[in-house]
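Hello,

Here is the structure I promised to pass on to you. Have a look at it first, and then read on for what turned up.

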Amino acid sequence: MRATLMHSAGDVRVENVPDSVIKQPTDALVRVTASCVCGSDLWPYGSMSPVDGPARMGHEFIGIVEETGSDVRTLAKGDLVVAPFAFSDGTCDFCREGLHTSCVHGTFWDMEPDEGGQAEAVRVPLADGTLVKLPVAADSALMPSLLTLSDVFGTGYHAAVAGGVTERTRVTVIGDGAVGLLAVLSAKMLGAEQIVLMGRHRTRTDLGREFGATDVVAARGEEGIERVRELTGGHGTHVVIEAVGTMPAYEQAVGVVRPGGVISRVGVPQYEEAPIGFASLFRHNIRLAGGPAPARAYAEELMPAILDGAIEPGKVFDATTDLDGVPAGYQDMADRKTLKVLIKP
């Protein structure tokens, strides 16, 4: 079968690999019908050393179950399913608490060396706990939106929930990538009073306005911080969603958060140390929240609004390709020519 491998920074190839097969009785074999490139894939695309490659790529996919292991009880051949970006058993203490990304038996797809969603097929471990059945046909026009349940919509929603967004909340979202834009949509769904989107790509921020942003701030650094404070009566916002993962984005979040507020981080941090002391967070009772989104916990909650057409998170996909076009898709996303690439193997 064919699959995407990253060999080093800037070197993505689609190659023939051994077919994925059932290895454990809890596995399912899924034929991929839709997947995508994630913004977090661009971190290794910009920095991976050749000694760390080749690595199978892709942690977001929809597909059709082709085969199940002997212990799989809730899935059958022919089921259309979406896979979250981490697999989990659904039964451990953390899964029962809705924290599937901390499952004691699961892990992230990016840590599974022989599998990846940017491929023709995937072996899914812990299939009963991981996969979510979709009540539509594989050729449904809802596929792009349903695919966002695997990561970016769940991540944006997690950011808003972890931040405690309510009807009385003012929110700043830092980052106009897919996660940032879907954090805007999520904050709108939760009734946020004001949503300030900090981004500088007009096409993306226009989509952010469509999703519910009340204000857009293109400036960065101190200028951007000052502008957000002007828009919020000088105090900043109750919740700041940091959807980038860089130190400048974190520092911007510290600059615009209101006393007593929350910084909710869902951008994969590219740093280990950050200001959290008296002058930055402690003095004004500012809290840190966020982390890897338990997308599996949110899938059934978010799906109905997609199915009935109330929301269309799939609008974050602005390019579509087959497997042959995946390497160019990575480059286009890295160059900010496209927001998010949908893959149809």
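Let me start with a charged pair: Asp 176 and Arg 204 form a salt bridge through their side chains, with 3.8 Å from N to O. This pair links distant parts of the chain, 28 residues apart: Asp 176 sits in the loop between S11 and helix H6 (178-189), and Arg 204 belongs to helix H7 (residues 202-211). Both Asp 176 and Arg 204 are buried. Please keep in mind throughout that this is a predicted model.

How many salt bridges are there by the rule used here? The count comes to 15, and two others are worth showing you.

One of them joins the side chains of Arg 123 and Asp 27, again with an N to O distance, here 2.9 Å. Arg 123 is in strand S9, while Asp 27 is in the loop between strand S2 (11-16) and strand S3 (28-36), so this salt bridge ties together parts that lie 96 residues apart in sequence. Are these two partners buried or exposed? Arg 123 has a relative accessible area of 8%, and because buried means under 20%, Arg 123 counts as buried. Asp 27 is buried as well, at 1% relative accessibility.

The surroundings of Arg 123 may interest you too. Strand S9, where Arg 123 is found, covers residues 121-124. The side chains of Arg 123 and Asp 27 also make a polar contact, at 2.9 Å. If you set aside neighbours within four places in sequence, the residues in contact with Arg 123 include Ser 20, Val 21, Ile 22 and Lys 23, together with Ala 28, Leu 29 and Trp 109. Glu 112 and Glu 115 are also among the contacts of Arg 123, and these two glutamates are linked with Asp 27 and Arg 123 in a network of salt bridges.

The other salt bridge is found in helix H2. Here Arg 96 pairs with Asp 93, and their closest N and O atoms are 2.5 Å apart. Both residues lie in H2, three residues apart, which is about one turn of the helix. Arg 96 is exposed, with a relative accessible area of 59%, whereas Asp 93 is partly exposed at 48%.

Helix H2 (residues 93-96) also holds Phe 94. With a relative accessible area of 33%, Phe 94 is partly exposed. Phe 94 joins Leu 99 and Val 104 in a nonpolar surface patch of about 240 Å².

Now for two of the helices. In helix H8 (residues 221-231), the residues Gly 224, Ile 225 and Val 228 are buried. Viewed down the axis of H8, the buried residues fall within an arc of 100°, so they line one face of the helix. What do these buried residues pack against? Their partners are strand S11 (170-174), strand S12 (194-198), strand S13 (215-217) and helix H9 (247-256). On the face of H8 turned away from the buried side you will find the exposed residues Glu 222 and Glu 223. Just after H8 comes Gly 233, with a positive phi of about 70°.

Helix H11 (residues 326-334) has Val 326, Gly 329, Tyr 330 and Met 333 as buried residues. Seen down the axis of H11, its buried residues fall within an arc of 100°, so these too line one face of their helix. The buried residues of H11 pack against S1, S2, helix H1 (42-47), strand S17 (319-321) and strand S18 (341-343). A positive phi appears just after H11, at Arg 336, with a value of about 60°.

Finally, please look at Ala 9, in the loop between strand S1 (2-8) and S2. Ala 9 counts as partly exposed, at 34% relative accessibility. Which residues does Ala 9 touch, not counting those up to four places away in sequence? They are Pro 44, Tyr 45, Gly 46, Ser 47 and Met 48. The C-alpha atoms of Ala 9 and Ser 49 are separated by 6.5 Å, although these residues are 40 apart along the chain.

Enjoy exploring the model!

Best wishes

Key
Residues are numbered from 1 along each chain as its sequence is written. This is a predicted model: local features need pLDDT of at least 70, side-chain atom pairs count only at pLDDT 80 or more; totals for chains, interfaces and linings use all residues. Side-chain values use heavy atoms; hydrogens and water are left out. Patches are made of residues with over 30% relative accessible area and no salt bridge: like charges are joined within 9 Å, nonpolar side chains (Val, Leu, Ile, Met, Phe, Trp, Tyr) within 5 Å. Accessible areas come from the Shrake-Rupley method with a 1.4 Å probe; for residues, only the protein chains shown count as cover. A salt bridge is a side-chain nitrogen of Lys or Arg within 4 Å of a carboxyl oxygen of Asp or Glu. Helices (H or I, at least four residues) and strands (E, at least two) are DSSP runs, numbered from the N terminus. Buried means under 20% relative accessible area, exposed over 50%, partly exposed in between (1.4 Å probe, protein chains only). A polar contact is a pair of N or O atoms within 3.5 Å; within protein, one must be able to donate a hydrogen and the other to accept it, and residues adjacent in sequence count only if both atoms are side-chain atoms. Contact means heavy atoms within 4.5 Å. The arc is that of the directions from the helix axis to the C-beta atoms.
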